[in-house]
Amino acid sequence: MTVQPKTMKERAALALKDDFLRGAVKTTTNKFFGGKALAQRSLGDWEAWRERGRAIRAHTLAHLDYYLGQLIDRVKDRGGRVHLCDTAEDAVRVVAGIVRERRARSVIKSKSMMSEEIHLNQALEEIGVRVVETDLGEYIIQLAHETPSHIIAPAIHKNRRQIAELFAGVAGRPLADDTGTLTAFARQKLREEFLNGDIGVTGCNFAVAETGSVVLFTNEGNGRMVTTLPPVHIAVMGMERVVPTFEDLEVMMHLLPRSGTGQKLTSYVTVITGPRREGEVDGPEEFHLVIVDNGRSRILRDSKFREALHCIRCGACLNVCPVYRQIGGHAYGWVYPGPIGAVITPLLTDDLDKWGDLPYASSLCAACYEACPVKIPLHDMLVRHRARYVAAGKTPSGERLAFRLFRRTFTNPGRFRLALKTAVALQRPLVKDRHLSARLPGLAGWTESRDFPAVAPKSFRDLWPELAAETGQKGGAADE
Ligand code: SF4
């Protein structure tokens with residue numbers, strides 16, 4: 001794996017040089033976005049559905065202890081085992097414990113952002129277990145030793161030639177880079193893995209409290225293989241992924257695929273309720289539900305950011321974000337990219353020094369909020385994050401001084417007028433076509449690729465009495 005630069009700015013600068021990445025991200029996100037518009041129209045009043053989604057998430061989070069308790073009871077009633085884990089390390093320990101208990105040698109996985117968050121694959125590989133991702137995109141990035149670059153399209157940044165090279169490494173021979181050859185190869189390889197897996201690990205799109213069911217939305221059918229063929233199934237979920245009832249699940253079933261990929265429904269919706277029961281022909285002998293906190297309780301207690309837990313991981317905010325669309329997912333540096341990543345990474349990691357710059361990767365246009373099926377005000381949260389970062393004294397001293405001066409000047413009419421007059425005088429040698437022709441110290445990032453407008457020679461206050469005199473109206477100084 002390549003070592004990533006430390007700051008968001010450095011990672012973004014690197015991503016901006018990758019023309020293929022920018023093109024691929026744009027094509028895929030455009031496709032998802034176009035599909036979403038059509039799919040949401042088929043549902044009627046989309047805003048009403050969004051509001052229902054928001055209300056369900058808000059209600060569930062407000063009573064999370066109750067619904068988690070109900071979920072745990074129902075899973076146990078159906079013969080499953082539940083593990084509550086405070087931290088990522090606890091969750092990894094639990095899964096590793098089950099693997100050891102079962103003397104498992106191989107684990108097959110369906111796509112799971114939570115397992116990415118707790119770095120499950122690395123931990124299992126360190127104890128000698130073979131881990132195989134079975135979602136095609138995840139399989140590709142596992143071979144490349146990379147992390148997902150999109151929540152629902154993890155290998156969005158890879159082209160066919162790169163994928164053919166990765167698969168050739170597994171095949172031990174060159175492979176043609178046409179889609180048919182590549183998918184046929186992956187299908188054959190993964191089929192062997194499905195049949196030989198000792199344990200299946202999945203994430204959990206939603207867990208239904210009233211029945212103790214885990215629900216998976218997939219498009220490739222691998223989720224069903226992973227949950228039915230191995231003798232043990234472990235589902236790993238963030239503690240917020242609960243919905244109270246199947247009726248609530250139905251709302252999420254309308255919102256998630258439409259928002260994510262523009263599908264009315266994913267190809268497979270798999271509902272698992274406990275291990276195989278007598279008389280059933282398939283399913284695992286053991287079912288484990290690993291419920292992970294890993295910082296979520298802290299977010300739940302924080303009224304400014306609680307709504308970030310409403311997220312249903314559809315990826316719609318990524319698809320519309322003008323920043324994500326230029327730099328892709330890896331520039332965000334951790335597991336979750338895009339606007340939701342910029343919001344939850346600093347919260348989950350509780351590390352402002354390392355991740356406090358992520359909320360600056362936004363134009364605050366609020367397209368993410370408009371796209372979000374459960375109406376999370378991501379743009380507001382990004383501003384709150386920035387305020388926290390500033391309050392913690394993490395911004396450079398020059399920037400702090402500049403903003404202090406800005407506030408002192410712009411909150412006093414006399415100082416403001418004087419500042420304008422001074423700026424007009426000082427800028428004179430630099431003005432060309434009403435723009436400043438030279439790069440300004442401290443504003444290089446802006447002036448490198450854009451014009452910086454010069455301060456107008458006459459302010460609105462100067463113009464107002466002149467205009468009034470011309471039109472014969474009562475003039476005077478503009479109000480202060
Ligand atoms: S924040 Fe909203 S749009 Fe973004 S992934 Fe979560 S649910 Fe989807």
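Here are four short exercises on a predicted model, each with a worked solution.

**Exercise 1. Describe the overall layout of the chain, from its dimensions to its domains.**

Let's start with the outline. Along the principal axes, the C-alpha atoms fill a box of roughly 95 × 55 × 45 Å. Next, count the secondary structure: the chain holds 23 helices and 13 strands. Then turn to the domain assignment, which gives domain 1 as 72–297 and domain 2 as 397–471. The C-alpha centres of domain 1 and domain 2 are 56 Å apart. Finally, look at packing: of the 480 residues, 39% are buried. Taking contacts between residues at least 6 apart in sequence, 71% join residues at least 24 apart.

**Exercise 2. Work out the strand order of the four-stranded open sheet, and explain what is special about β8 and β9.**

First, write down the order, which is β8-β5-β6-β9, with mixed pairing. Now read off the ends: β8 (242–243) and β9 (268–272) each have a single partner strand, so one side of each has no neighbour in the sheet. Then move inward to β5 (residues 206–208) and β6 (residues 213–218), which pair in the antiparallel sense over three bridges. To place that pairing on residues, find Ala 207 and go across to its bridge partner in β6, Val 214.

**Exercise 3. Decide whether helix α8 is largely enclosed or not, and find what covers its buried residues.**

Begin with the count: α8 spans residues 136–143, and six of its eight residues are buried, so the helix is largely enclosed by the rest of the structure. Next, name the buried ones: Gly 137, Glu 138, Tyr 139, Ile 140, Ile 141 and Gln 142. Then look for their cover, which includes β3 (130–133), α9 (160–171) and α10 (179–196). One last detail as you leave the helix: His 145, which follows α8, has a positive phi, near 55°.

**Exercise 4. Trace Cys 317 through the largest nonpolar core and the surroundings of the ligand.**

Start in the core, which has 104 residues; Val 290, Val 292 and Cys 317 are those with the most contacts inside it. Now list what Cys 317 touches, leaving out residues up to four places away in sequence: Gly 338, Pro 339, Ile 340, Cys 368, Ala 371, Cys 372 and Leu 378. Then go to the ligand, which 16 residues surround, the closest being Cys 311, Cys 314, Cys 317, Ile 340 and Cys 372. To finish, sort that shell by class: 13 residues are nonpolar, two are polar and one is charged.

Terms used: Residues are numbered from 1 along each chain as its sequence is written. This is a predicted model: local features need pLDDT of at least 70, side-chain atom pairs count only at pLDDT 80 or more; totals for chains, interfaces and linings use all residues. Domain bounds come from an automatic or database domain assignment. Helices (H or I, at least four residues) and strands (E, at least two) are DSSP runs, numbered from the N terminus. A residue is buried if 20 or more other C-beta atoms lie within 10 Å of its own, exposed if 12 or fewer, and partly exposed in between; C-beta atoms are placed from the backbone. Two residues are in contact if their C-beta atoms, placed from the backbone, lie within 7 Å. Two strands pair if DSSP finds at least two bridges between them. A nonpolar core is a set of buried Ala, Val, Leu, Ile, Met, Phe, Trp, Tyr and Cys residues joined through C-beta atoms within 7 Å. A residue is near a molecule or strand if its C-beta atom, placed from the backbone, lies within 6 Å of it. Ala, Val, Leu, Ile, Met, Phe, Trp, Tyr, Cys and Pro count as nonpolar, Asp, Glu, Lys and Arg as charged, and the others, Gly among them, as polar.
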